[in-house]
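Hi,

Here is the structure I promised to send over. Have a look at it first, and then read on for what turned up.

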Amino acid sequence: MQPQTDVFSLQNYLNSSIPSPYPSHFQISSPFPINGQNPNSFYGFQNATNNPQSMGLSSNNSTSDEAEEQQTDKNIINERKQRRMISNRESARRSRMRKQRHLDELWSQVMWLRIENHQLLDKLNNLSESHEKVLQENAQLKEETSDLKQVISDMQIQSPFSCFRDDIIPIE
């Protein structure tokens, strides 16, 4: 494992002899984990939050600030959830109202159609009765016509004036 030794010795050389241009809470490290080094470091830079040595250097103010910031973030998230929940409830309420309004309109339409259907049935029954009356009256008139034609025919045969029979309109 010669390359690891070379990288490790290079790292020791860099850390000891050359002053770092980076702030003290950044450490230069290899892009590959070596001898228990944090594998999450990225190309030689380690953030102070990942390094336990540099965490001891930060003051209690930063942790309290971070705690306050986290609490503020939680409050904002909770507030957003609360607003979303209220908005969803309001939307559901409006949806139920629309549904109820639609149901009421449909029920009103059903009632109107039932009334109209009842009126049309009454009208149909009246027309059927009228039709039956007209058919009976028509049959009666045809019978009367037939009787009258027979009477006319009998009168012509019995008439003493047989010469006038040509002047009489023939009966069909």
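Let me start with a pair in the helix: E90 and R94 sit 4 residues apart in helix α3, so about one helical turn separates them. Their side chains meet in a salt bridge, at 4.0 Å from N to O. That value is right on the cut-off, since a salt bridge here needs a Lys or Arg side-chain nitrogen within 4 Å of a carboxyl oxygen of Asp or Glu. R94 is partly exposed, at 40% relative accessibility.

One thing to keep in mind as you look: this is a predicted model.

E90 has another partner as well. The side chains of R93 and E90 also form a salt bridge, with 2.3 Å between N and O. These two are 3 residues apart in helix α3, which again means a separation of about one helical turn. As for how open they are, R93 is partly exposed with a relative accessible area of 35%, and E90 is partly exposed too, at 30%.

How many salt bridges are there by this rule? The count comes to 2. Because they share partners, E90, R93 and R94 are joined into one network. As general background, side chains of opposite charge can pair when their charged atoms come close.

Next, the charge on the surface. Which residues form the positive patch? They are R80, K81, R83 and R84. R84 lies in helix α3, which covers residues 60-158. With a relative accessible area of 48%, R84 counts as partly exposed. Patch members need over 30% relative accessible area, so R84 passes that cut-off.

Finally, the chain as a whole. It has 3 helices and 0 strands, and the order of elements from the N terminus is α-α-α. Of the 172 residues in the chain, 7% are buried. The accessible surface comes to about 15400 Å², and carbon and sulfur atoms account for 56% of that. On contacts: taking those between residues at least 6 apart in sequence, 15% join residues at least 24 apart.

If you only open one spot in the viewer, I'd go for E90, with its salt bridges to R93 and R94.

Cheers

Note on methods
Residues numbered from 1 in each chain as written. Predicted model: local features only at pLDDT ≥ 70, side-chain atom pairs only at ≥ 80, totals over all residues. Heavy atoms only, no water. Patch = residues over 30% accessible without salt bridge, like charges linked within 9 Å, V, L, I, M, F, W, Y side chains within 5 Å. Areas by Shrake-Rupley, 256 points an atom, 1.4 Å probe, with all protein chains shown as cover. Lys, Arg positive; Asp, Glu negative; His and termini not counted. Charge placed at Lys NZ, Arg CZ, Asp CG, Glu CD. Buried < 20%, exposed > 50% of the residue type's maximum accessible area, 1.4 Å probe, protein only. Contact = heavy atoms within 4.5 Å.
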